[in-house]
Amino acid sequence: MICPNCEYEFIEGITECPDCNIDLISLDDFEGNVVHHKDWVVVFTTSDIIEAEMMKSNLEGADIEALILSQKDRSLPGVGDLSIIKLLVKKIESNDAILIINDINQTNRE
Ligand SMILES: [Zn+2]
């Protein structure tokens with residue numbers, strides 16, 4: 001079993017992540033969401049899908065394959081549409097991706 005939020009793995013019998021207070025899912029389900037999950041790392045998180053898509057297209061413009069994983073934040077019941085959007089890239093490309101993301105964030109601030 002794995003926590004879909006913090007991605008910690010737990011032994012069988014535990015159904016809820018003690019850190020995030022959300023239901024665990026099976027590792028199979030989790031890896032069904034992200035192909036070869038272990039080869040991908042999260043380089044950026046946001047609650048804004050437009051920002052995530054913008055980052056993704058910037059990375060793809062630099063020939064870095066990127067994946068958007070969107071997930072309802074069940075740790076905040078009642079908020080409704082709020083979700084955590086994660087941007088993933090392949091581990092070997094993560095350093096380049098982080099440089100690009102930092103660049104974009106800096107440009108936005110200026
Ligand atoms: Zn957790």
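Colleague: Let's start in the middle of the chain. Which element does Ile-49 belong to?

Modeller: Ile-49 sits in helix H2, which covers residues 49-61. Keep in mind that we're looking at a predicted model.

Colleague: Is Ile-49 buried, exposed or partly exposed?

Modeller: Go by relative accessible area: under 20% is buried, over 50% is exposed, and what lies in between is partly exposed. Ile-49 comes out at 39%, so it counts as partly exposed.

Colleague: And which residues does Ile-49 touch, if I skip its neighbours within four places in sequence?

Modeller: With those set aside, Ile-49 is in contact with Ile-68 and Ile-85. You can also look at Lys-86: it lies 37 residues from Ile-49 along the chain, yet their C-alpha atoms are separated by 9.4 Å.

Colleague: Back to the helix itself. How do I check the length of H2 against what's expected?

Modeller: Take the span from the first C-alpha to the last and compare it with a rise of 1.5 Å a residue. H2 has 13 residues and reaches 18 Å, close to the expected 18 Å.

Colleague: Which residues of H2 are buried?

Modeller: Ala-52, Met-55 and Leu-59 are. Down the helix axis, the buried residues of H2 fall within an arc of 65 degrees, so they line one face.

Colleague: Why would residues with that kind of spacing point the same way?

Modeller: That's the general geometry: an α-helix has 3.6 residues a turn, so residues three or four places apart point the same way.

Colleague: What does H2 carry on the face turned away from its buried side?

Modeller: The exposed residues there are Ile-50 and Gly-61.

Colleague: Let's do the metal. Which atoms coordinate the zinc ion?

Modeller: You look for the donor atoms around the metal, and here they are the SG atoms of Cys-3, Cys-6, Cys-17 and Cys-20, at 2.2 to 2.3 Å. In sequence, the donor residues follow the spacing C-x2-C-x10-C-x2-C.

Colleague: Why is the arrangement around the zinc ion called tetrahedral?

Modeller: Check the angles. Four donors count as tetrahedral if all angles lie between 85 and 135 degrees. Around this zinc ion the four donor atoms subtend 102 to 113 degrees, which makes the arrangement tetrahedral.

Colleague: Are Cys-17 and Cys-20 buried or exposed?

Modeller: Cys-17 is buried, and Cys-20 is buried too. Asp-19, on the other hand, is exposed, with a relative accessible area of 56%. Asp-19 lies in the segment before H1, and its C-alpha is 9.5 Å from that of Asn-5, with their positions 14 residues apart in sequence.

Colleague: Now the backbone. What should I look for in phi?

Modeller: Signs. Most residues other than glycine have a negative phi. Glu-7 goes the other way, with a positive phi near 65 degrees, and Asn-21 also has a positive phi, about 55 degrees, although it is not a glycine.

Colleague: Where do Glu-7 and Asn-21 sit?

Modeller: Glu-7 is in the segment before helix H1, residues 27-33. Asn-21 is in the segment before H1 as well. As for cover, Glu-7 is partly exposed at 25% relative accessibility, while Asn-21 is exposed at 52%.

Colleague: What does Leu-27 in H1 touch?

Modeller: Past the neighbours within four places in sequence, Leu-27 has contacts with Met-1, Ile-2 and Glu-9. Leu-27 is partly exposed, with a relative accessible area of 26%. From Leu-27 to Phe-10, C-alpha to C-alpha, is 9.8 Å, and the two are 17 residues apart in sequence.

Colleague: One from a strand, please. What is Lys-90 in contact with?

Modeller: Lys-90 lies in strand S3, residues 83-90. Setting aside neighbours within four places in sequence, Lys-90 is in contact with Asp-39, Trp-40 and Glu-65. Trp-40 is 50 residues away in sequence, but the C-alpha atoms of Lys-90 and Trp-40 are 4.3 Å apart.

Colleague: Zooming out, in what order do the elements run?

Modeller: From the N terminus on, the order is α-β-α-β-β-α, which comes to three helices and three strands. For contacts between residues at least 6 apart in sequence, 53% join residues at least 24 apart.

Colleague: How much of the protein counts as buried?

Modeller: Of its 110 residues, 31% do. The accessible surface comes to about 7100 Å², with 49% belonging to carbon and sulfur atoms.

Conventions. Residues are numbered from 1 along each chain as its sequence is written. This is a predicted model: local features need pLDDT of at least 70, side-chain atom pairs count only at pLDDT 80 or more; totals for chains, interfaces and linings use all residues. Side-chain values use heavy atoms; hydrogens and water are left out. Donors are N, O and S atoms within 2.8 Å of the metal (3.2 Å for Na, K and Ca); water is not among the atoms, so sites may look incomplete. Four donors count as tetrahedral if all angles lie between 85 and 135 degrees; four count as square planar and six as octahedral if opposite donors are over 155 degrees apart and all others between 65 and 115; anything else is irregular. Buried means under 20% relative accessible area, exposed over 50%, partly exposed in between (1.4 Å probe, protein chains only). Helices (H or I, at least four residues) and strands (E, at least two) are DSSP runs, numbered from the N terminus. Contact means heavy atoms within 4.5 Å. Accessible areas come from the Shrake-Rupley method with a 1.4 Å probe; for residues, only the protein chains shown count as cover. The expected span of a helix is 1.5 Å times one less than its number of residues. The arc is that of the directions from the helix axis to the C-beta atoms.
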